[in-house]
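Q: Please take a close look at the aromatic side chains of this protein. I would like one connected account of how they pair and how they are covered.

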Amino acid sequence: MIIQDWIARRDDNLNPVLVKEVRQCFHSSGMLFASGLLLLLELLLLAVIQFMGLHQSNSGSWGWIIFVGLLEVLILSAVLVGSFMPAMRYTAERRTRELDFSTMINLSPWKLISGKLASSALMIGLLYSLCLPFMVIAYFMRGVTMVEMLALALFYWPALLLAAQTGILFGASGHRGVIGVYMTSLFGFAVALLAYPVMLSYQRDGGGLSGETLEAMAVWGVLLVLMTGMMYMYSVAAVSHVTGNRVFGVRIYTIGMFVVLPLLAAFGPDREMRWNMFGWFFGTLVPLLLITLSAIAGCERRELTNRVLEKTPRMWWRRWIYFLLSSGVGGGVALTWILMIAYVAVFFLVRLFCRVPDVNSYYVAMGTLFYAIFYAELTLFLRGIWTQYNYLPPWLDYLLTVGAIAFIPVLIGGMASLTNEQDLIFFMVSSPGVFLGASARVVPAFVLLSCFFALGGLYLVWPDISRQFRDYKMAADALEDTEE
């Protein structure tokens with residue numbers, strides 16, 4: 001009786017969004033269609049193998065072929081049920097306020113996004129369970145080991161969760177125009193997921209996947225988990241109230257990713273793979289995160305709200321940290337500059353002790369980062385001196401600035417390269433397009449030029465940065481006087 005009472009009280013602790021999403025999913029025809037299609041395709045695959053008698057051949061690889069076919073069907077079904085359908089539902093909810101579940105109950109953005117992600121994970125787990133009997137058949141047909149099956153199943157779990165969380169992020173926007181971008185990115189991601197098992201088929205030896213391949217899969221799996229957390233933070237910020245401290249979690253997580261990603265590359269199976277991973281993680285992903293951080297800073301508010309100021313710490317070092325992590329243009333630009341300086345310092349420190357391959361790619365990443373910081377600073381400056389800019393949404397201000405300063409010069413430079421008017425190529429000095437076709441000897445000079453642009457932008461927005469920091473200090477002093 002005590003156990004029954006305990007179980008009866010546990011349902012009160014369930015996330016209401018999870019319960020609502022699961023009920024809505026099972027009551028929709030999409031879940032029934034996806035599950036039926038999954039079972040039908042898997043049965044059809046086994047029927048073809050049985051009908052053609054391929055399982056009686058001496059190749060010994062049909063177990064792997066069947067397993068890859070089952071995995072492909074699982075990926076398609078999981079992308080449909082775990083990512084596409086929740087994204088469409090959430091987009092419809094955000095577009096219609098009467099359907100938005102967050103407006104009906106007092107629920108924090110963290111619980112809202114957690115409930116939706118948990119529901120997607122539950123649906124993906126259900127599809128995994130439907131595939132399990134068929135995968136056992138593939139195992140007994142030989143040609144695939146239990147380690148390979150578990151490794152690929154565990155690898156695709158965070159990959160599918162990343163697709164699901166990305167769908168939630170796009171759905172949080174509530175705009176129809178974003179759906180096209182989401183569907184395009186989802187299609188590309190699904191193709192990559194489908195192609196990976198086929199690529200592994202060419203890397204298998206007689207005993208299955210090598211230990212180096214499994215270790216690399218583990219490292220990339222950890223990266224997928226980290227990227228899922230990053231998308232989660234972006235989703236929470238997207239649904240948070242405009243007057244709240246929306247980007248606090250995003251900035252903390254970005255700092256964590258900045259520290260973890262270079263260290264993660266050290267777990268590669270061999271020296272060549274470690275440098276390849278370092279190039280991907282530190283040369284591509286970290287710059288993308290910092291570019292996103294600078295873009296968010298360019299879209300931040302210029303005036304701080306009381307909900308942010310009322311939590312200002314009184315100790316000066318805590319106030320500095322709170323200033324860097326909290327919403328506001330000042331903290332966003334300052335944090336981006338600190339991480340940018342750390343990025344350059346880490347690169348030259350690694351280069352001092354190691355022979356870094358393809359150095360120019362890191363220089364291009366640095367130059368692109370400096371340009372991104374400059375665009376955010378120029379957007380903030382124009383919003384301060386040009387009142388018409390403030391009538392538009394901040395993200396549109398940022399896109400207009402980037403379009404005028406970056407994309408148009410690239411188009412002019414591209415036309416110049418076709419007409420042999422080389423003088424027009426210098427129009428690209430205000431955009432990363434200047435690195436296109438640049439020789440290895442010229443790239444460092446262009447990096448210094450981009451740094452000059454970023455420093456000039458910092459000079460323009462420095463009054464806003466210092467003003468916002470003074471606002472935090474005044475808020476802390478006011479809170480101290482109130483307590484006394």
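A: A residue is called buried here when its relative accessible area is under 20%. In this predicted model, 47% of the 484 residues of the protein chain meet that criterion. The chain contains 16 helices and 0 strands. Of its contacts with a separation of 6 or more, 79% join residues 24 or more positions apart. The exposed surface comes to about 25,000 Å², of which carbon and sulfur atoms supply 70%.

Against this background, the structure holds 24 aromatic pairs. One of them joins Trp275 and Phe278 in an edge-to-face arrangement, with 5.7 Å from centre to centre and 90° between the planes. Both residues belong to helix 10, which spans residues 271-298. They are 3 residues apart in that helix, about one turn. Trp275 counts as buried because its relative accessibility is 16%, a value below the 20% limit. Phe278 is likewise buried, since its relative accessible area is 10%.

A further pair is formed by Phe374 and Tyr375, and its geometry is tilted: the centres are 5.9 Å apart and the planes meet at 50°. Phe374 and Tyr375 are both buried.

The pair in helix 10 also has a wider setting. Trp275 and Phe278 belong to one aromatic cluster together with Phe282, Tyr343, Phe347, Phe348, Tyr362 and Tyr363. Within that cluster, Trp275 and Phe278 supply the edge-to-face contact described above.

Technical notes. Residues are numbered from 1 along each chain as its sequence is written. This is a predicted model: local features need pLDDT of at least 70, side-chain atom pairs count only at pLDDT 80 or more; totals for chains, interfaces and linings use all residues. Side-chain values use heavy atoms; hydrogens and water are left out. Helices (H or I, at least four residues) and strands (E, at least two) are DSSP runs, numbered from the N terminus. Buried means under 20% relative accessible area, exposed over 50%, partly exposed in between (1.4 Å probe, protein chains only). Contact means heavy atoms within 4.5 Å. Accessible areas come from the Shrake-Rupley method with a 1.4 Å probe; for residues, only the protein chains shown count as cover. Rings of Phe, Tyr and Trp (its six-membered ring) pair if their centres lie within 6.5 Å; planes under 30 degrees apart count as stacked, over 60 as edge-to-face and the rest as tilted.
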